[in-house]
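The exercises below ask for a careful reading of one model, moving from its strands to its core and then to its aromatic rings. Each task is followed by a solution that proceeds step by step.

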Amino acid sequence: MKELPKINQLRDFQAIIYYGNIRTASQALFKTQPAMTKSIQELERILGVTLLSRGPQGMVLTKMGRVFEHRVNTLLNDLERAVDELHQLSQQSQGNVVFGCSHLPALSVLPSLVNKFQVEHPTSNITLIEGQLCELVSSLRLGRLDFFIGIASPEISMSEFIVEQPINAEFCIIARKGHPLSHCRSLSELQGAKWYFPSTRTGYYKELEKFIFPNGKTSKDIVIYGDSLSIGEQMVLNEDYFFIGPRAVLDISYVKDLITVIPIKERLPDALYVIIHKQQHGLTPLAKQLMDEVKAACLKLLSDEN
């Protein structure tokens, strides 16, 4: 059988890429520099190619190294998931779950749901990463995320994912109650308004921006881009910015008395919410249980608006 790399060699390779040089990587892994150098040399000998070269800013990947890096990341992620799944099966409530979500779940159902889940599974480790699908899809493909819930991106193919019960959500323009433009009836009356948009270059929000500014933004229009919910909330409540979001936001207890919908005659495009996970990466028992609970809560929230 052909000689294969050892796991520690792959981790050393991954660490050098992450930290950019052998010295910092060896310190992070509590190894000596000579030991780290020898590990990479042995890995390159086994593979028969050069993976790293020294550049002016540190170690850089060769062409072969870039090809190998993707495989290494996938292999180590799959191995960690396999070990974690066995631990979960043997100890039931113990394990790690990492998932991504967009704004609505993070604002509404997730805080109390994740807290309840953590109380029921005190030895579990839950990591929640907020963002749009176009930003998190690479992590999902590599197995760094167990699942994602949020708005689908039309330009991202769903063929490699399992899609769980997609549902359309009605979107609207949201402002603070008492906003000077709160009685406007058309988009044309909102010219020169201030807007807060998620900072994404593709996907639903980018198409929505084209819908609101069909002829492009004018010098009077002000658009701030950001991914912070807390900053966005303050911009809307204190600085009279508009926010585009699902109508379900109006049912969130702590903001429903502070915000209102601008009653324009134009209907904004609906957003398709999906819960997806990689076909080739079976969910661990803990991840599946959490995903099912998140799915049920979000589907109820969005279905109540339809």
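Two strands are taken to pair if DSSP finds at least two bridges between them. The model to which this is applied here is a predicted one.

**Exercise 1. Establish how strand 7 and strand 10 are joined, and describe the sheet with the order 9-8-10-7-11.**

Step 1. Strand 7 (171-176) and strand 10 (242-246) are joined by four bridges and run antiparallel, so that the requirement of at least two bridges is satisfied. Within this pairing, Cys172 has Gly245 of strand 10 as its bridge partner.

Step 2. The order 9-8-10-7-11 describes an open sheet of five strands, in which the pairing is mixed. Its edges are formed by strand 9 (222-225) and strand 11 (259-261), each of which pairs on one side only, and from one strand to the next the twist averages 35 degrees.

Step 3. Two helices can now be placed against these strands. Helix 8 lies across strand 7, strand 8, strand 9 and strand 10, and runs at about 160 degrees to strand 8, while helix 9 (residues 229-239) lies across strand 7, strand 8, strand 9, strand 10 and strand 11, at about 165 degrees to strand 8.

**Exercise 2. Identify which residues of the largest nonpolar core touch the most other members, and which elements contribute to this core.**

Step 1. The largest nonpolar core holds 26 residues, and those touching the most other members are Phe171, Ile173, Leu190, Trp195 and Ile244.

Step 2. Two or more residues each come from strand 6 (161-169), strand 7 (171-176), strand 8 (194-197), helix 8 (204-212), strand 10 (242-246) and strand 12 (271-278). Helix 8 gives the most, with four residues.

Step 3. For Leu190, once neighbours within four places in sequence are left aside, the contacts are with Ile173, Leu181, Cys184, Trp195, Asp221, Phe242, Ile262 and Ile264. Another core, of 21 residues, lies apart from the largest one, and among its members are Val97, Val114, Phe147 and Ala248.

**Exercise 3. Classify the ring pairs Tyr18 with Tyr19 and Trp195 with Phe197, and state whether each residue is buried or exposed or in between.**

Step 1. In general, a pair of aromatic rings is described by the distance of the centres and the angle of the planes. The whole structure yields 11 aromatic pairs.

Step 2. For Tyr18 and Tyr19 the ring centres are 4.8 Å apart and the planes stand at 85 degrees, and the pair is therefore edge-to-face, since the angle is over 60 degrees. Tyr18 is exposed, with a relative accessible area of 67%, whereas Tyr19 is partly exposed, at 36%.

Step 3. For Trp195 and Phe197 the centres are 6.2 Å apart and the planes stand at 25 degrees, so this pair is stacked. Trp195 is buried, with a relative accessible area of 1%, and Phe197 is likewise buried, with a value of 1%. Both residues belong to one aromatic cluster, together with Phe213, Tyr225 and Phe242.

**Exercise 4. Locate Phe30 and Asp240, and give the phi value of each.**

Step 1. Phe30 lies in the loop between helix 2 (22-28) and helix 3 (33-47), and its phi is near 60 degrees, a positive value in a residue other than glycine. The relative accessible area of Phe30 is 77%, and the residue is therefore exposed.

Step 2. Asp240 is found in the loop that runs between helix 9 and strand 10, and phi of Asp240 is also positive, near 60 degrees, in a residue other than glycine.

Key:
Residues numbered from 1 in each chain as written. Predicted model: local features only at pLDDT ≥ 70, side-chain atom pairs only at ≥ 80, totals over all residues. Heavy atoms only, no water. Core = buried A, V, L, I, M, F, W, Y, C linked by side-chain atoms within 4.5 Å. Buried < 20%, exposed > 50% of the residue type's maximum accessible area, 1.4 Å probe, protein only. Contact = heavy atoms within 4.5 Å. Axes fitted to C-alpha atoms, helices over the stretch in contact; angles between N-to-C directions. Phe/Tyr/Trp six-rings, centres within 6.5 Å; stacked < 30°, edge-to-face > 60°.
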